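Q: Please take a close look at the largest nonpolar core and at the side-chain contacts around it. Which residues and which elements contribute to this core?

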Amino acid sequence: MSDGAKGMRSLVASVAPTMSKPTLDWFHLSMKIHAVRRSLGAYQMAPTRRPAFMAASAGSATKIRDHLWRGRTEEAIELTRDLIESLQAGAPTLPPFYATVAEAARGAATRLLEYVKQNRADIPLTARLRRAWDALTQAPL
């Protein structure tokens with residue numbers, strides 16, 4: 001399991017020349033996704049009604065998470081790029097509070113995109129692994 005840090009992987013590879021395929025742990029990946037969703041969720045503190053644009057952006061963040069969970073990394077990358085472009089284009093049209101929220105979400109989405117691109121080969125098919133684990137633990141002894 002890996003958090004995506006190249007330094008630790010290099011250290012382990014130097015002392016253990018044969019290793020299993022690195023697998024990115026879902027915790028570190030989900031923290032990046034959560035940062036995007038949390039930024040988009042800041043609307044709950046706003047005194048005015050949330051623009052439809054913000055709701056659509058939050059929906060995109062959920063779709064990105066779902067694609068990553070199912071191992072559809074390239075689709076998640078494309079959706080993340082679309083979200084970043086959408087937030088960048090839409091922020092100037094929003095009231096000041098929401099423009100700030102959109103900018104924070106864009107920054108978080110940019111960090112998520114870079115993280116996923118750097119670790120795309122190590123993102124597991126989490127949904128498949130979960131089903132296999134459930135089947136294994138439910139099997140009679």
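A: The answer below begins with the core and then turns to aromatic and polar contacts.

This is a predicted model, in which local features need pLDDT of at least 70 and side-chain atom pairs count only at pLDDT 80 or more, while totals for chains, interfaces and linings use all residues. Residues are numbered from 1 along each chain as its sequence is written, and side-chain values use heavy atoms, with hydrogens and water left out.

A nonpolar core is a set of buried Ala, Val, Leu, Ile, Met, Phe, Trp, Tyr and Cys residues joined through side-chain atoms within 4.5 Å; buried means under 20% relative accessible area, exposed over 50%, and partly exposed in between (1.4 Å probe, protein chains only). The largest such core has 28 residues, and L29, V36, L40, M54, L68, L112 and V116 touch the most other members. Two or more residues each come from α2 (26-40), α3 (52-69), α4 (73-90) and α5 (96-119), with the largest share, 10 residues, from α5. Helices here are DSSP runs (H or I, at least four residues), numbered from the N terminus. Leaving aside residues up to four places away in sequence, L112 touches L29, K32, I33, V36, I64 and T80, contact meaning heavy atoms within 4.5 Å.

K32 also places its charged end over the ring of Y115, 5.1 Å from the ring centre (the criterion is NZ of Lys or CZ of Arg within 6 Å of the centre and within 35 degrees of the ring normal). The backbone oxygen of Y115 is in turn reached by the side chain of N119 at 2.9 Å. N119 lies in helix α5 and is buried, with a relative accessible area of 1%.

Conventions: A polar contact is a pair of N or O atoms within 3.5 Å; within protein, one must be able to donate a hydrogen and the other to accept it, and residues adjacent in sequence count only if both atoms are side-chain atoms.
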